[in-house]
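Student: I have a model open and want to go through it. Can we start with the pockets?
Tutor: Yes, once it is on the screen.

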Amino acid sequence: MPRHPNYLPNGVIPAILLPFNDDLSIDERSFRSHIQDVAAAEGLSALTINAHSTEVASCTFEEQQRVLDIAQEEVGARLPIVNGIWADGSLEAARIARMATAGGASALLVFPPAPFTLQQSPEMALAHFKRIADSSDLPLIVFQYPLATGQGYPRGTLLKMCAEVPSIRAIKDWSGNVPQHEMHIRTLQNLARPVNVLTTHSAWLLSSLVLGCNGLLSGSGSVIADLQVQLFRAVQSNDLATARRLNDRIYPTARVFYAEPWADMHNRMKEALVLLGRLPRAVVRPPLVKITDAEIERIRLALIEAGLLGATERRNAA
């Protein structure tokens, strides 16, 4: 399988969605089309699979392997693939890491092991990441959750992880706290061995990027990858006027995608792609449930406001 051996996580990395059939099986045909659609955006650094956006918690090991195989077949020769590591135990995390490495992934996005993080010690976090690092030579991306969830890594723990696990090369920053987010950017990206901060604060993306993130990794990229690339480039070029104009287009989508409850964010993105004619249906796996017609209408209006959908297009979709 294709692999990009010198890949360093940075730039714009959409986290793509996973379409399902009405019987809840993976809709491989639509998935292939979706991958090609997102990957057509010029200027991407990579694509992420087997993450929140692909409903990884509801997928078996074999399904995750199949998702990776399909992504490699469709775009692996052109774009690096970041494969998520979602596992509550370190042994299973290492197993997934070995699978992803053998399957040609170019980086691993490591989710926190949920049952243990509320009482987590630095030693536990280190043991988890070291076991994964021992199972793969790929660069690791630490998924940094908000500290309030009990699943985020405190500053001291995060710095210890970066110092003792050399393959940690980036964090996906969902700290949800502006001062902490800025601290991550100023501290991690200026280490002796720099660790890139990839923002996933898509609800306030412009505000996050202007702090100096070296990239973004976001499920919104499954819908607006081209706008994210343009915004990232504008910020990198210090073109604030252009960045603000682009943010005005992105804002309506952020407003509806990241409304409460946040658990429905990727649900809403699927509905947006149905409205845009890019997916045939917006099926999600339980415990997620289909959103209401009223919310779908709010998404349609937001797409119109963002200039992504004509006012008379697909009014009765979904």
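Tutor: First a term: a pocket is an open set of grid points with protein on both sides within 12 Å along at least five of seven lines, and its lining residues have an atom within 4 Å of a point. Also note that this is a predicted model.

Student: OK. What volume does the largest pocket have?
Tutor: About 620 Å³.

Student: How many residues line the largest pocket, and which lie nearest its centre?
Tutor: The lining has 31 residues. Nearest the centre are His 52, Trp 262, Ala 263, Met 265 and His 266.

Student: How does the lining divide into nonpolar, polar and charged?
Tutor: There are 18 nonpolar residues, ten polar and three charged.

Student: Met 265 and His 266 belong to H11, right? Is H11 enclosed or not, and why?
Tutor: Both are among the buried residues of H11. Eleven of the eleven residues of this helix, 265-275, are buried, so the rest of the structure largely encloses it. The buried set includes Arg 268, Lys 270 and Glu 271.

Student: What do the buried residues of H11 pack against?
Tutor: Helix H1 (28-39), H9, helix H10 (240-257) and helix H12 (293-305). After H11 comes Gly 277, which has a positive phi, near 80°.

Student: Switching to the core. How many residues are in the largest nonpolar one?
Tutor: It has 89. Leu 44, Leu 47, Phe 129, Leu 140, Met 161, Ile 168 and Leu 231 have the most contacts inside it. Helix H9 (residues 221-236) gives the largest share of this core, nine residues.

Student: What is Leu 44 in contact with, leaving aside neighbours within four places in sequence?
Tutor: Val 12, Pro 14, Val 38, Ala 39, Leu 79, Ala 225 and Val 229.

Student: And Phe 129, which element is that in?
Tutor: H5, where Phe 129 is buried along with Ala 125, Leu 126, His 128, Ile 132, Ala 133 and Ser 135. The cover over the buried residues of H5 includes helix H3 (90-102), helix H6 (155-164) and strand E5 (140-144).

Student: What span should H5 have, and what is the distance between its ends?
Tutor: At 1.5 Å a residue, its 14 residues should span 20 Å, and the end C-alpha atoms are 20 Å apart, so the two agree.

Student: Last one: Gln 64, buried or exposed, and why?
Tutor: Buried, because its relative accessibility is 4% and the cut-off for buried is under 20%. Gln 64 sits in helix H2 (residues 61-75). Beyond its neighbours within four places in sequence, Gln 64 is in contact with Asn 50, Val 56, Cys 59, Ile 96 and Met 99.

Key. Residues are numbered from 1 along each chain as its sequence is written. This is a predicted model: local features need pLDDT of at least 70, side-chain atom pairs count only at pLDDT 80 or more; totals for chains, interfaces and linings use all residues. Side-chain values use heavy atoms; hydrogens and water are left out. Helices (H or I, at least four residues) and strands (E, at least two) are DSSP runs, numbered from the N terminus. The expected span of a helix is 1.5 Å times one less than its number of residues. Buried means under 20% relative accessible area, exposed over 50%, partly exposed in between (1.4 Å probe, protein chains only). Contact means heavy atoms within 4.5 Å. On a 1 Å grid over the protein atoms alone, a cavity is a set of points where a 1.4 Å probe fits but cannot get out, and a pocket is an open set with protein on both sides within 12 Å along at least five of seven lines; lining residues have an atom within 4 Å of a point. Grid points are joined across faces, edges and corners, and a volume is the space filled by probe spheres set on the points. Ala, Val, Leu, Ile, Met, Phe, Trp, Tyr, Cys and Pro count as nonpolar, Asp, Glu, Lys and Arg as charged, and the others, Gly among them, as polar. A nonpolar core is a set of buried Ala, Val, Leu, Ile, Met, Phe, Trp, Tyr and Cys residues joined through side-chain atoms within 4.5 Å.
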